[in-house]
Amino acid sequence: MLKVGVLGAGHLGKIHLRLLQQSEKYELVGFYDPNQENAEKVAKEFGYKKFDTIAKLIHAVDVVDIVTPTLSHYKCAKVAIKSGKHVFLEKPISNTVEEAEEIIALAKEFNVKGQVGHVERFNPAFKSVKDSIQNPMFIETHRLAEFNPRGTDVPVVLDLMIHDIDAILSVVKSPVKNINASGVSVISDTPDIANARIEFENGCVANLTSSRISLKNMRKSRFFQKDAYISVDFLEKKCEVVKMKDAPEVPGDFDMILQNAEGVKKQIYFDNPDVENNNAILDELETFADAINNDTTPIVTLEDGTDALRVAYQIIDCFKK
C-alpha cells in the first residue's frame, strides 16, 4: 500500500481524508493544515494524525495529496516533488500556466508521477459514453450553480468552467484555433457568469456557459457528431446516446424513421449504456495509485491539467478586451 498524506483539511480536504482512509490502495498517514484551530478540530473529530509542518508530512509518505487553495499548489508541489514524492493536485493544477509548466518539468526531473483532480473525467455518466464520443463537431455545456461564497476568490472560469474545458479537451483531438468569450461580475470582484466559444482546428466548435449565481444547479453537456447525439448529465449521473443509421427496407411498426428532402431515410435508435455508480473522487485517487504501482500514465496528467488551465486563461483574457 502506498503511504499518503493530505495537505489541506478544508471542505474538500476532509472528503479526501475520509476516502483515503477507506481505500485499500493507500495507507493514510495523516494531514497538515496551516490553520491550527481547524487542524486540531479535524484531528480530534476524525482521529487523523496531524503533522506540525509540511516537511514532516512529506517525509513520512510516498504520495502527497494537495487539496490546498490554488495559490499554494505550486509551492506545495515543488517541495513534494523535490523530495521525490508523487503528487495529486486538486484542480486547477496551479495559479498560472508558468507554474504548471514548472511542475511538469520538476516531475520529469525527479521521475515522479502527478495527476490533476479533474473529477468529472471519473463521473460515471461521462465514463459510460466517453468511448461513444467520436470526432464531435459541436459541443454545448451548461454548468450552473447556486451562489456559494467559497470559491469566489477566482473567476467562475477557474472555479466551474474548467471542469468542462478539461472534459472537452479529452475528447476533441485537435488544437484550439480561436476563442471568444464574455464574462459578467454580478456579486463578486471576478466574473460570476461566463460564456465561451472555442473553435478547434478540425472544425469542432464548443459553446460553454458557466454561472455561480443561478437559481438551480445544472451540469449538462451535449455532444453532436455524425449520425449521433450524446448528452451527459453530470449532476444526475445520467446519459443518453441517440444514433442514426440507414432505415431498413421494411421498417417495423415502432421504428422511428426520418426522411430528408432528398428522400434519404434514416432510422433513429437509442443506444444508452449502463451507468455504473461509483465515487468519482475515490476513483481518481485509486487510479492514480494504479498508475504509480504499474508505472503507467495517470488518466488526468499534469499536461492535461496545464492544457485546461491554458485555455481557461485564454478565456479570461477575452474578458479584458
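## A sheet, a core and two loop residues

Start with Tyr 26: beyond its neighbours within four places in sequence, Tyr 26 is in contact with Met 1, Leu 2, Val 4, Leu 20, Val 63, Leu 285, Glu 286, Phe 288 and Ala 289. Contact means heavy atoms within 4.5 Å.

This is a predicted model, in which local features need pLDDT of at least 70, side-chain atom pairs count only at pLDDT 80 or more, and totals for chains, interfaces and linings use all residues. Residues are numbered from 1 along each chain as its sequence is written, and side-chain values use heavy atoms, with hydrogens and water left out.

**The core.** Tyr 26 also belongs to the largest nonpolar core, which has 93 residues. Tyr 26, Phe 31, Ile 165 and Ile 315 touch the most other members. Helix 7 (residues 156-171) gives the most to this core: 10 residues. A nonpolar core is a set of buried Ala, Val, Leu, Ile, Met, Phe, Trp, Tyr and Cys residues joined through side-chain atoms within 4.5 Å. Buried means under 20% relative accessible area, exposed over 50%, and partly exposed in between (1.4 Å probe, protein chains only). Helices (H or I, at least four residues) and strands (E, at least two) are DSSP runs, numbered from the N terminus.

**The sheet.** How are the 5 strands of the open sheet ordered? The order is 2-1-3-4-5, and the pairing is parallel. Strand 2 (26-32) and strand 5 are the edge strands, and each pairs on one side only. Two strands pair if DSSP finds at least two bridges between them. Strand 1 (residues 2-7) and strand 3 (residues 63-66) pair in the parallel sense over 4 bridges. Val 4 stands opposite Val 63 in strand 3. Helix 1 (residues 11-22) lies across strand 1, strand 2, strand 3 and strand 4 (86-90). Helix 1 runs at about 150° to strand 2. Axes are lines fitted to C-alpha atoms, for helices over the stretch in contact, and angles run from 0 to 180 degrees between N-to-C directions.

**Two loop residues.** Compare Asn 123 and Lys 49.

| Residue | Loop between | Relative accessibility |
|---|---|---|
| Asn 123 | strand 5 (114-117) and helix 6 (124-129) | 3%, buried |
| Lys 49 | helix 2 (36-46) and helix 3 (54-59) | 52%, exposed |

Not counting residues up to four places away in sequence, Asn 123 is in contact with Arg 219, Phe 234, Lys 237 and Ala 280. With that same exclusion, Lys 49 touches Val 29, Gly 30 and Phe 31. The C-alpha atoms of Lys 49 and Tyr 32 are separated by 8.7 Å, and the two residues are 17 residues apart along the chain.
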